[in-house]
Amino acid sequence: MRTSRRLADLSWTDARDLALSGALLAIPLGATEQHGPHLPLSTDTDVAVALCDELAETRSDVVVAPAVSYGSSGSHVGFAGTLSISEAAIELLVTELGRSACRTFGHVLFVSAHGGNAAAIDRAVRRLCAESWDARVFTPRWVDDSHAGHTETALMLAIRPLSVRMHRAVACSAEPVGASRGELRCAGGFPAVSETGILGDPVGATGLHGNLLLDCLFTELTMDVAQWRGERAA
């Protein structure tokens, strides 16, 4: 019977034995942040966890840590349920968490599915590497840069379909997130550009498309890990 690949399910001796065998620790990083009236606050965290779990299913050397479900979500605080911490807090958290994890597992992979954390996590991982810890970050990316739009809705229909309330999904014609950052910072965050918290059009999203997107993201993740571990492409 295969040993659980969830760190939280293991005893300390199980964790020790896996670490000694060369296992790497994958840590999902997400957020508790509004994603419109139709998606759960856990959307970013769910995507990160799904990718880590799939990695553990396909690689016997992966252990999945409990997710970090809080992120830098200041532009969303006008929407109920969003819980935000500062970029400085994220940077410190990832740095300290990475140091702790690397003391047991020689190789630590952060999988971050919340864009608001990107700069802080990059700084933290660079610091960890400068301290000679073997840490890496993977950030899933897609062409559609909307928020709670087609892509994220499709992904959630594939990952947790019962959590998606498609009857509440509406299109928003505001500019994509990347083009609105200045306005978001200066004019009250997401409420300044979208009353619903949606940027994009989630209405036509399907679980089928979500599974295709997940496959693409997972392929990128596995290639990134293989490169990091110095493995030849299959």
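Q: Why is Ser 69 called partly exposed?
A: In this predicted model, Ser 69 has a relative accessible area of 25%. Partly exposed covers the range between under 20%, which is buried, and over 50%, which is exposed, so the value of 25% places Ser 69 in that class.

Q: What makes Ser 69 a residue with contacts away from its own stretch of sequence, and which residues does Ser 69 touch?
A: Ser 69 lies in the loop between strand 2 and helix 3. Not counting residues up to four places away in sequence, Ser 69 touches Gly 30, Ala 31, Thr 32 and Thr 45. The C-alpha atoms of Ser 69 and Leu 29 are separated by 6.4 Å, although the two residues are 40 apart along the chain.

Q: Why does Ser 86 count as partly exposed?
A: The relative accessibility of Ser 86 is 41%. Since buried requires under 20% and exposed requires over 50%, neither term applies, and therefore Ser 86 is partly exposed. Ser 86 also lies in the loop between strand 2 and helix 3. Its C-alpha atom is 5.3 Å from that of Ser 72, and 14 residues along the chain separate the pair.

Q: Why is Cys 52 called buried?
A: Cys 52 has 0% relative accessibility. The limit for a buried residue is under 20%, so Cys 52 meets the criterion. Cys 52 is found in helix 2.

Q: Which residues are in contact with Cys 52, leaving aside its neighbours within four places in sequence?
A: They are Ala 26, Ile 27, Pro 28, Val 64 and Val 111. For Val 111, the C-alpha to C-alpha distance from Cys 52 is 7.2 Å, with their positions 59 residues apart in sequence.

Q: Which members of the largest nonpolar core touch the most other members?
A: Leu 51, Leu 55, Val 62, Leu 109, Val 111, Leu 221 and Val 225 do so, in a core of 35 residues. At least two residues of this core come from each of strand 1 (24–29), helix 2 (43–58), strand 2 (62–64), strand 3 (107–112), helix 5 (150–159) and helix 7 (207–228). Helix 7 gives the most, with 7 residues. Leu 221 illustrates these contacts: not counting residues up to four places away in sequence, Leu 221 touches Leu 51, Leu 55, Leu 109, Val 111 and Phe 138. Another core lies apart from the largest one and has 24 residues, among them Val 68, Val 94, Ile 121 and Ala 135.

Q: How do you know the arrangement of helix 3 and helix 4, and what are the angle and the distance between their axes?
A: Two packed helices are described by the angle between their axes and the distance between the axes. Helix 3 (residues 87–104) and helix 4 (residues 118–130) pack at an angle of about 35°, with their axes 8 Å apart. Their crossing is right-handed.

Q: Which residues of helix 3 and helix 4 meet?
A: On helix 3 they are Glu 87, Ile 90, Glu 91, Val 94, Thr 95, Gly 98 and Arg 99; on helix 4 they are Ala 119, Ala 120, Ile 121, Arg 123, Ala 124, Arg 127 and Leu 128. By class, this contact has 7 nonpolar, 2 polar and 5 charged residues.

Q: Why is Glu 91 called partly exposed?
A: Glu 91 has a relative accessible area of 21%. Buried would require under 20%, so Glu 91 falls in the partly exposed class. Glu 91 is in helix 3 and, not counting residues up to four places away in sequence, touches Ala 120, Arg 123 and Ala 124. Glu 91 and Arg 123 are 6.8 Å apart, C-alpha to C-alpha, and 32 residues apart in sequence.

Q: What makes the phi of Ser 132 notable?
A: Most residues other than glycine have a negative phi. Ser 132 is not a glycine, yet its phi is positive, at about 75°. Ser 132 lies in the loop between helix 4 and strand 4 (134–138). Its relative accessibility of 66% is over 50%, so Ser 132 counts as exposed.

Q: Is Ala 148, with a phi near 60°, buried or exposed?
A: Ala 148 is buried, because its relative accessible area of 0% is under 20%. Ala 148 lies in the loop between strand 4 and helix 5, and its phi is a positive value in a residue other than glycine.

How values were computed. Residues numbered from 1 in each chain as written. Predicted model: local features only at pLDDT ≥ 70, side-chain atom pairs only at ≥ 80, totals over all residues. Heavy atoms only, no water. Core = buried A, V, L, I, M, F, W, Y, C linked by side-chain atoms within 4.5 Å. Buried < 20%, exposed > 50% of the residue type's maximum accessible area, 1.4 Å probe, protein only. Helix = DSSP H or I, 4+ residues; strand = E, 2+ residues; numbered from the N terminus. Contact = heavy atoms within 4.5 Å. Axes fitted to C-alpha atoms, helices over the stretch in contact; angles between N-to-C directions. Left-handed = near helix turned anticlockwise from the far one by under 90°. Nonpolar A, V, L, I, M, F, W, Y, C, P; charged D, E, K, R; others polar.
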